[in-house]
Every structure is written in structure tokens, then in C-alpha cells.
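Trainee: Could you walk me through this model? I'd like to start with how the chains meet and then go on to a pocket.

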Number of protein chains: 2
Amino acid sequence: MAEDIDTAQAADASLLDRYPMRDEHGGIRHEFVAEIARAVQSADAAFLRAIVAELHEADLGDLIEALEPEDRVSLVELTGADFDFSALNEVDDSVREEILEELEPETVAEGVRELESDDAVELLEALDEEDQEEILEKLPPSERDALERSLDYPENSAGRRMQTEFIAVPPNWTVGQAIDYMRETPDLPERFYEIYAIDAAQHWQGAVSLDALLRARRPVPLADLIDEDRRRVSVMDDQEEVARLFGKYNLVAAPVVDTEDRLVGVITIDDVVDVIEEEADEDLKALGGVTSDEELSDSVWTIAKGRFNWLLVNLATAFLASSVLGLFEGQLEKMVALAVLAPIVASQGGNAATQTMTVAVRALATRELGPNNAYRVVMREGLVGLVNGLAFAVITGIAAVAWFQIPGLGVVIGLAIICNLVAGALGGILIPMVLERVRADPAVASGTFVTTITDVVGFFSFLGIATLWFGLK
Amino acid sequence: MAEDIDTAQAADASLLDRYPMRDEHGGIRHEFVAEIARAVQSADAAFLRAIVAELHEADLGDLIEALEPEDRVSLVELTGADFDFSALNEVDDSVREEILEELEPETVAEGVRELESDDAVELLEALDEEDQEEILEKLPPSERDALERSLDYPENSAGRRMQTEFIAVPPNWTVGQAIDYMRETPDLPERFYEIYAIDAAQHWQGAVSLDALLRARRPVPLADLIDEDRRRVSVMDDQEEVARLFGKYNLVAAPVVDTEDRLVGVITIDDVVDVIEEEADEDLKALGGVTSDEELSDSVWTIAKGRFNWLLVNLATAFLASSVLGLFEGQLEKMVALAVLAPIVASQGGNAATQTMTVAVRALATRELGPNNAYRVVMREGLVGLVNGLAFAVITGIAAVAWFQIPGLGVVIGLAIICNLVAGALGGILIPMVLERVRADPAVASGTFVTTITDVVGFFSFLGIATLWFGLK
């Protein structure tokens, strides 16, 4: 497909024809980056302008990340008005902040003016209060007010994500009037998929998709095409809720209304796709014990600090688990096989619990798991733990006896495995559900609790049962 | 937002007004499900038809999953032509298969006829060869051929996902001609966001977005609006590649061309959103040691079997790790503190490695991590491991000495922690990269290898260093 892209771009792109950006695998060519770096260092503005003008914002973003930090800012400065600032929304936050802080506020303000409101907000979000102010001051009042209004909405709310450019017409118009309006209005939104009907007080009346508009003849009243059932979101809705709505009802755009049901903006699918990817990213990283804002471009120090806390929590739980082993020091000395096998019991339980927890966290995130089916799912996970517990009790028991030739050791480790897999299964499903109930993110905290349970239960059941069975003191 | 949905639906939906489907949290109301179940059992077709006709396919899907298995089939049979079969694409595979197998092939064929080609293909995919044939035979030849052609493309290919209904016009038309064509043609695609220009031989010429069409006046030649650079995909492209293209370039639809660059279909964003969610789901589950096809509606037995293999692999690696402990039985007997502390060393390394692995798997999936930055990232992860290794060497060392009052034990466990965190970091980044290189899915296999490394290195370094330091034999 990479070829498709290149040929497609090449169609009328003379320069990118001579200097292709990507190789056949879609990766950026070293030669291309080197060529740009050379042009930046020799301040070859004409060449850079031509290239930058031809690149899609996403490709421009990739190019910026591929450049050396010092060259990034120079590229923006050299290409001036030809540089599309929406490209800065395509790069890692750390890279964006670095560039925006280096640039003159005037330059940034000029760039922001060219953006759709949602892209402008996304860009400004990256800056701290005073930098934001400095740039907003340099914008014409109307644009400044609109952006400030969006920035007043809470982070991750629909109000933050929406673009305030949209097409709204009175519901009593005809198709012909609507089409003529679009033909005559100079600055329509960059891209739009539907138009909206609002009354004089800007109250939501309904939506008309463009394809519906194009199927109908000019005299047809819009009222016949208006879909009043169209799902709309409120400015305060969380972006995750919005994304779920888009995914569920296959929307490409959703009108955003304020508390008085006045139409104030529109959220489009491209923003929602970003949200979906972010959310998936966060869940995955949270389960892996990595902070969601860690980025590939971060420094060693930033990353090490970010991961330290999670490891510290784990260390505490590890000591807790080992303290259980400590309770049985005497038994461990008498029968060292117990010390050798204990980690196996803990590890099996931990993995079974992680399986359950992964499914639970995902099902909670997608709202598949709720009050309606909670009981059934918990029971089922418990049974799954029991079934696999029995299976591995036999396997592990046989292996243990074969290894240490101690009769009875198989029964002991088998019973411990059953206890731990059941405990792990129940912990793996119940802990995420409880965390969700108390409004904590199950993905973040579940892991520690769950593995602590399986370590403690694993060690305690194994050594406790061994103590009784072998009459160790 | 749930309220928004309800009020929106209620606007002209009298029945759903009296029988609201969802509570204020957006969950399905028990009373609603009970009401439907009652109507199904008393074969109240009129009522069910009215309800089903009002429900969005996604809501209908949720309703079906909420019903008892036996009621599901009856609902479809009772509502007949009013039942939108695309709702069956919204339910778990196991539920869908169960329903499709129970239904008469005639009923399914009738339902399939009403679907857009991509929905029809998705539905038929769920059936085995002969069931597919049985239904395809009952379709008119033209529709059958189209579906069979799509089904011939490999699973997860663009050819499978595309819909074959699209609007294509000659490039020499004017805007007016194109609009008139859409007004006069009776059966246009259900929803469309752009039209395509093709030559007499169906060769791709370019795309015109609907908003571009609506901005232009009637006499304007399409040629002026056509975007030849529009990214298009090939029928054989993998759906992941397609999803990446949509996400990167903010597409809502992409033309699909065959090997001769003939336009054969179009993929729309709603299908791509499903793909993105599936992929995220798969990565998450794979890292958690769960097979990607496990579903919340599966039986205890199915799930237990699905998870057994992963646990078996883990058991093998756990025994491998314990065999390292076995090598040091003598030392463990002499100094039981080593047996108590060994799991801590392994656990810290395992968690640090999981952090690195999570980041690596995600970065590989999103193509953020590639040959260009591989070296830098590996070096960085190694350093992160070293930094946190040093930090936790100190913390763990002090804690160990405080606990067991054995001078030197702190140095021993500290050195072991450093070894293991560095080994874990390198394993966590290199193993996924190697797996990717050999075309294996890093998400699936990495976990086992990585934790095996940290267990083995953890135990071996800790007990090995202890043996040397304390001169144990």
C-alpha cells in the first residue's frame, strides 16, 4: 500500500517525485531526512517551502520527529506561512512543547489562526497558562473568545474536542436554499459531512446528512430530510463516552449542544479515532505498569522516574509475599523442596489471575461487563479457575513427586494450586469490578492487588498445607 | 449522555417512549427485556415488529444478547422482514452462529438481501462453507456473485471489508450532472461521503468529497474538484494497514482498487473503527495470556480450554526457573533467608521487564518503533533498567539487612537486582523486536520469554552472588 501512497502523492507532486519521503515499507527514507536537514542548515527556504506545502500534515509530523531537535524549529521558521501547524498535533507532546516554546509567540499565533478551532485548542492545550495567554492575546478578539471558551471546558470533555465551525441553517429552508447557501458562503468548515438545522435562538432542531441533501430535489423542504433522532452529545460529556457513541452508532460526526440544547459545535470521527487509540493505549500501558503519558521520545530520566513508582509498589507487595515465606522459615530449612517449589504455585496463580483480570478490565472499559451480567461472569471465572486448578493440580503434583521423590508432596502442591487458581480467578474479576465501582481506573491498580493475592495465597496455602501434611514445625 | 440518546429516540418513537430500552446510565432496563421476552413467548408479532423497527441495529443487537437463547431465534422469526440482520453483526460471534444455525436458510437469505455487501459478508463469514453455500444459492445471481467475490479475498483483507456499493461517474461530467445523477438514481448506497471518477474501463481517476461537490456551482467540471492524490487501498491490503492509513490521514472513506487499479469497492470509517477496536482488544488480551477470540458469552469449558495452553507454557517456564533454585539447594538450607528473598529479586525484574515489553509491543503495533529508532530505544531501555536497578538495589539492600540482620546480604541482593533489571529491560525490548522480525506476533509470545529470563537471571544472579560472597557450598 505504501506504493499506492507514493504513486498517489507523486501524481502531481513534482518535488516529492524527485525526493520520495517513504520507502516501499512506508518508513521514512534516511536520504530524505538528510536532504531536508541539509536544506534547513543551508537555510534553503524556497526548497523547504515547496516540500512542506506538498506534504500531508501527518507526513510533515513524521518528518519533524525524524529531524534533529535544533533543525525542527528552524524548519518551521524557514517555511513560515507554508508550514501547517496542525502537523504539530501529529508529533509527541514532548516534541511539540519543545518546538512551541522555542518559536516566537507571533509565529505561533499566526499558525494558530490558520487552524480549525479543534486543532488550535489541541495545540494550545500543550502550553502552560501564560504561554497560552501570550498567544491568545495576539489573536483577533472573535477567534480568541472562541478558543478561550473551548479551553474553559474540562480536559477530555466534548467541549474541548469539538470544532466550533459548522453549518447551521433554518429548518424552514428548502434543499435548494441550503445548497445555494453553501455555494455562496466563502469560509465554510474545511471538511463537513452533515449540516444542522437550528432555530433563531440557536436551539438544536436536527441534522441533514450531505448524501440525503444530494439525493433530494431543490424544492424539497429540509424538514422532510431532517433527522431529529440524530444522537448528539453535551459539551460536558467525557470523550470516552463520545467515542463509545460513535463506535456503537457508526457516526461520522456528532453535534455538540450546551446545557440549553443550543448547538455550539461538532465532533468529527477523525478526532474520535484519536480518542479510541489513546484509550486503548492507556489501558494497555496501565496493565503493563507504565504511565499513560510515557512517550517513545522521552528521556531516560523521565521514563525511569515514571516507572519507579509502580516498581516501588511492587517491591512492597513482594516483601509482603516473602514475609509469608518468612513465617515458615523452619519448614523451609527442614524441607528445602518447599522453597524450590513455592514460586511455581505463586506463578501459576498469578498468570491465571492476570488472564481473568485482563478480560475483566477490557469488558469494563467497553461496558460489556455491567450489573446485568456481573454475577454470571464472576461465577464463571470462579469455575474456570477451579477447572484449570484441578488440571494443573494433577500435572504439577506428578512433576513435583517425580522431581523430589517425596511422597505426599504431590498432594500438597496440588491442593495449593487449586486454592491459588480459584483465589486468583475471583481476585482477578472482583478487584477490577470494585475499583470501577469506587470510580478508580481498574486498568491502573488491579495488577498489584491481584498478584499480591496470588503470591500470598500461593505461599501460605502451599506451606500451610505442607506443615499440616508433613507435621513440620 | 444516555438521556440525550433516550430523549432523541423518544422524539418520534411512541413505543420506545412507553417502553424505554435504557436506564439513565445507558444500561438495558430489565423491565424492557422482560417485556420483550413476554411478547416473544406470547408470539405478539405486531408489538415486536413495531419495537424492532424503531430500534437502531446496535440497540437491537444489545437486546438480542440480553434475551435468553431460545427467545433470540423466535424474535427474528416473529419480526420477519422488519428485523434488520445487520444487528447480528453487533452481537458476539458465538451468539450469532447459534442464531444463524437455528434459522431457516430462506429467512437468512431474505435478511442478507437487505444488507449492504460489507454487512452481508461479515454475516456470512460466521458460517461454515456449506451453510454459506446454502444461503448464497438462494440469492439472485448478481448479488451472489458479488458476495462470493468478496468472500474469496483473504480474511482481514480490504477486499473482505469493503462494500461494493459506491457511486462512480465519468470524470468529464459537471457538478450539475453528478448531482442530477444522484437525484435520479433510485438505489444509491445507504450512506456515502464521496463519489469517485472512473474511466470507461473502470480505472480509478480520483475522488470528489460531497462537501466539495456542494461548494461548487453546477457548471463547474468535476475535473476541477477531483483529488487524484486521494489515498486508496488495494483489495489485498491487510485491514490493520488500512486502519493505520485512516487514522494517519483522517479519512472517512477509502476507495478500494484491484491489481489493475480498477475501482471495485469502498471502505468506510465505521468498519475501520471496528478494526481499530479489535486490534486493541487482541493486543491487550495477548499480553494478558488470553486468546483473542475469547468472548464474555463463552462457556466455562471453552474459556478454561482456551486459557489452559498459556498456563501450561507458564508452568514449564516456572519449573525451569525453580530448577535454578534447585541448583542451590545446599545454600538455601544453610541460609534460609535466600529462599525467602529470591522471589523478590525475580518479581522486581519481571515487573520492570513487563513495563518495557508493554511499551515495545505497543510501539511496534503502531509502527512508532522501527529500524530508524531501534538502536536508540534499546540503549534507552537498557539505561532505564540500570537507573531503576541502582535505585532498587539500595532500597532492597537496606530492607533485606534490616530484616535478616545478615551483613553483606544487602550487597548481594542489590547486585542481583541490578543484574536482573538490566537483563529484564533488554529482554523486554529485544524479544518483541525479534519476534516482529520473524513475523510472529510480539504481543502473544513475548510475555513468557521475558518473565522466564527475569526468573532465571533473578534466581541465578542472587544465589550465585550469595554463594561467592558468603563462600557457601
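**Interface and pocket**

Mentor: Keep in mind that this is a predicted model. The contact draws 130 residues from chain B and 130 residues from chain A.

Trainee: How much area do chain B and chain A bury between them?

Mentor: Interface size is often quoted as the accessible area lost when the parts come together. Here 63% of the buried area is on carbon and sulfur atoms. The total for chain B and chain A is about 11400 Å².

Trainee: Which residue of chain A does B:Arg307 meet in a salt bridge?

Mentor: There are ten salt bridges between chain B and chain A. The rule needs a side-chain nitrogen within 4 Å of a carboxyl oxygen, and this pair has N to O at 2.8 Å. The partner of B:Arg307 is A:Glu381.

Trainee: On the side of chain B that touches chain A, how many residues are nonpolar?

Mentor: That side has 40 charged and 24 polar residues. The nonpolar count is 66.

Trainee: Now the second largest pocket, at about 410 Å³: which element gives the largest share of its lining?

Mentor: Of its 20 lining residues, those closest to the centre include A:Glu143 and A:Ala146. Helix 8 (105-113), helix 9 (117-125) and helix 11 (141-152) of chain A each give two or more residues. With six residues, the largest share comes from helix 11 of chain A.

Methods:
Residues numbered from 1 in each chain as written. Chains lettered and ligands numbered in written order. Predicted model: local features only at pLDDT ≥ 70, side-chain atom pairs only at ≥ 80, totals over all residues. Heavy atoms only, no water. Contact = heavy atoms within 4.5 Å. Buried area = accessible area lost by both parts, 1.4 Å probe. Nonpolar A, V, L, I, M, F, W, Y, C, P; charged D, E, K, R; others polar. 1 Å grid on protein atoms, 1.4 Å probe; cavity = no way out; pocket = protein on both sides within 12 Å on 5 of 7 lines; lining within 4 Å. Helix = DSSP H or I, 4+ residues; strand = E, 2+ residues; numbered from the N terminus.
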